[in-house]
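Trainee: Could you take me through the salt bridges, one pair at a time? I would like a close look at that part alone.

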Amino acid sequence: GGPIKPVLRKSGQSLSAAMASNRAKTPEQRRSRSDSVLSTDSVSAVESEQASAGATKGLTAEQTKKAESRLSKMITRSVYGLAMIFTFSVLTWLGHPYLVFLVVMLQFGLFRELVNVHYEPAKEKHVPLFRTIQWSMFMVAMQYMYGKVFVKLGLARSLMRQLPAWLAPYVNAAIRYRSIITFTAYVTVFVTFVLTLKKGLYQYQIKNVVWTVAILCLVVYQVRGTAELIFGGLFWFLLPCSLVIFNDIAAYFCGQLMGKRFISAPFLSLSPNKTWEGFIGAFFCTLVYGWYFSDWTSRYDWFVCPQLDLETYGSLDCEPAAHFVVQNLVLPYEDFRLLTLEAKPVQLHALCLACFASLIAPVGGFLASGIKRAYNIKDFDSFIPGHGGVMDRMDCQLLMLLCTYVHVKSFVPQYELDEEQLFSMITTLPMQSQQRILQRLTE
């Protein structure tokens, strides 16, 4: 009991001193101190309320803000994605020429975005006519590619029939001398570029022109056969485009559901958000989609019939080609029969294209990612809210369309013309050509 008494005595003295001090204070001083304590408590409550303002239960305000931002982005992306699908469906319903026009507009957008990647304002203002030269190179390449395709398909003559009579001779002359016109334009651009080389900017100008040529290979050359695919039957345009879109969607959902649960190794440094599970799962999903989508679209004449002119049609009527008709297919081939199934040959073509869309076409997207990382940009443009620019949506489509063109030309029997279609094509030829054909037939 001895050691405790001093402690109690000291504690009692301290308590007594505190009470005496409090009694010594005036009522105003005690009220001021009370108000100070209440003010401190109020500030703490306000800060706590602000910290949790707008927060979802179980989440902090920062986590809630991120979730709402993610939801907002998803809604924006979905709305504009549906708008793009609707626009594409309307153009498909309108017909072949409108889809070719869409492709041309997309090429303009792609060229603009890729050219802007290499843009340096501080140097550009000292380079004479360089933007003009870049766009002139693009126009010459487009004129050469589409002029060649339109003449090959007989569409140029169809265009002449729809023009005013006074304009037809000039268009006919442009078609006849298209090679020399294209060559003259090319030489003019080439010479102008050399004459505008400026001391101190040689390296920058040469880099830009090489970059422009690379863009032309990506944007013009890879898409050179797309007009032929469209006029040869919408099926061969819709199939590759839809395969790429579906593969992208399937890769996202497979990655979300199974990402890094079976394979922990990173997929590719250029696309760190992608996973092996998403890549492999999308491959099998795309095969299934290609098999059934090709069967469905090949049932309609609007998708399988070719269009041989630039007329606007409400419908098309033709005898479907053999590869659009159900047959007994022997696999792998007749002399070595392992499997026989009843299906359309075009469904086997769709499986081949689905493999390419799943395994190779994404490399176009990886290239786009590499370009963005090299120039430290998130998107190529903000033209499409939630999606970025045209290149952000078309990066995989370019290589896919080239593959489809090569595949069709190599493995798909070309459409056979009937008498009416052949006669329609002959009537678009000049009179001298018609007379020569008649002479050869009567010999």
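Mentor: Happily; here is a walk through the pairs and their surroundings. This is a predicted model, in which local features need pLDDT of at least 70, side-chain atom pairs count only at pLDDT 80 or more, and totals for chains, interfaces and linings use all residues. Residues are numbered from 1 along each chain as its sequence is written, and side-chain values use heavy atoms, with hydrogens and water left out.

Searching the whole structure gives six salt bridges (a side-chain nitrogen of Lys or Arg within 4 Å of a carboxyl oxygen of Asp or Glu). One of them pairs Lys409 with Glu228, with 3.2 Å between the closest N and O atoms. Lys409 belongs to helix H18 (residues 397–411) and Glu228 to helix H11 (residues 226–231), so this pair ties together parts 181 residues apart in sequence; helices are DSSP runs of H or I with at least four residues, strands are E runs of at least two, and both are numbered from the N terminus. Lys409 is partly exposed at 39% relative accessible area, whereas Glu228 is buried at 10% (buried is under 20%, exposed over 50%, partly exposed in between, with a 1.4 Å probe and protein chains only).

Asp295 and Lys344 also meet in a salt bridge, at 3.2 Å from N to O. Asp295 sits in helix H13 and Lys344 in the loop between strand E2 (336–343) and helix H15 (345–359), so parts 49 residues apart in sequence are tied together. Asp295 is buried at 17%, and Lys344 is buried at 7%.

Lys378 and Asp379 form another salt bridge, at 3.7 Å. Here Lys378 is exposed at 69% and Asp379 partly exposed at 31%. Finally, shared partners join Lys152, Glu228 and Lys409 into one salt-bridge network.
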